[in-house]
Amino acid sequence: MKFISSVMKEMHTVTWPTFNENIHNTTIVVFTGLAFALIFGGADWVFEQGITWLSK
């Protein structure tokens, strides 16, 4: 029980992000993920084309 009470006490001292901060951070994560997907997808396509060209 001491553990649970200390967890509850600690949870009251946490500074929770606001709704707008959550939206902002989520937007950054989504766009960063999309950017990396495009970069790595493009690099994969370039390497695939290069390997295909070399194997002809």
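This note goes through the fold, the helices, one ring pair and three side-chain contacts of a predicted model.

1. Overall fold. The protein has two helices and zero strands. Its radius of gyration is 23 Å, well over the 10 Å that the globule rule gives for 56 residues, so the protein is more spread out than a compact globule. The box tells a similar story in three dimensions: the C-alpha atoms fill roughly 70 × 30 × 10 Å along the principal axes.

2. Surface. How much of the protein counts as buried? The share is 0% of the 56 residues. The accessible surface comes to about 5,600 Å². Carbon and sulfur atoms account for 73% of that surface.

3. Helix α1. This helix covers residues 2-13, twelve residues in total. From first C-alpha to last it reaches 17 Å, close to the 16 Å expected at 1.5 Å a residue. The number of buried residues in α1 is zero, so the helix lies largely in the open.

4. Ser6 in α1. Ser6 is found in helix α1. Its relative accessibility is 38%, which makes Ser6 partly exposed; the exposed class begins over 50%. The Ser6 side chain reaches back to the backbone oxygen of Phe3, at 2.7 Å.

5. Helix α2 and the annotated span. Helix α2 runs over residues 19-54. UniProt, in an unreviewed entry, places a "transmembrane region" at residues 28-47. In the model that span is 100% helix and 0% strand. Its end C-alpha atoms lie 28 Å apart. The label comes from the record; the helix content comes from the coordinates.

6. The ring pair. The structure holds one aromatic pair. The rings of Phe36 and Phe40 have centres 6.0 Å apart and planes at 20°, so the pair is stacked. The cut-off for stacking is under 30 degrees. Phe36 and Phe40 are four residues apart in helix α2, and are therefore separated by about one helical turn.

7. Exposure of the two rings. Do the two partners fall on the buried or the exposed side of the scale? Phe36 has 47% relative accessibility and counts as partly exposed. Phe40 has 56% and counts as exposed. The 50% boundary lies between these two values, which is why the labels differ.

8. Thr52 in α2. Thr52 is found in helix α2. With a relative accessible area of 36%, Thr52 is partly exposed. Its side chain reaches the backbone oxygen of Glu48 at 2.8 Å.

9. Ser55 after α2. Ser55 sits in the segment after α2. At 58% relative accessibility, Ser55 counts as exposed. The Ser55 side chain reaches the backbone oxygen of Thr52 at 3.0 Å. Thr52 thus appears in two contacts: its side chain reaches Glu48, and its backbone oxygen is reached by Ser55.

10. Long separations. Three C-alpha distances help to place these residues. Thr52 and Thr27, 25 residues apart along the chain, are separated by 37 Å. Ser55 and Asn20, 35 residues apart, are separated by 52 Å. Ser6 and Thr52 are 46 residues apart in sequence and 61 Å apart in space.

Notes:
Residues are numbered from 1 along each chain as its sequence is written. This is a predicted model: local features need pLDDT of at least 70, side-chain atom pairs count only at pLDDT 80 or more; totals for chains, interfaces and linings use all residues. Side-chain values use heavy atoms; hydrogens and water are left out. The expected span of a helix is 1.5 Å times one less than its number of residues. Buried means under 20% relative accessible area, exposed over 50%, partly exposed in between (1.4 Å probe, protein chains only). Rings of Phe, Tyr and Trp (its six-membered ring) pair if their centres lie within 6.5 Å; planes under 30 degrees apart count as stacked, over 60 as edge-to-face and the rest as tilted. The radius of gyration is taken over C-alpha atoms; the globule rule is 2.2 Å times the number of residues to the power 0.38. Accessible areas come from the Shrake-Rupley method with a 1.4 Å probe; for residues, only the protein chains shown count as cover. A polar contact is a pair of N or O atoms within 3.5 Å; within protein, one must be able to donate a hydrogen and the other to accept it, and residues adjacent in sequence count only if both atoms are side-chain atoms. UniProt positions are given in the numbering used here, feature names are shortened, and annotations may be inferred rather than shown by experiment.
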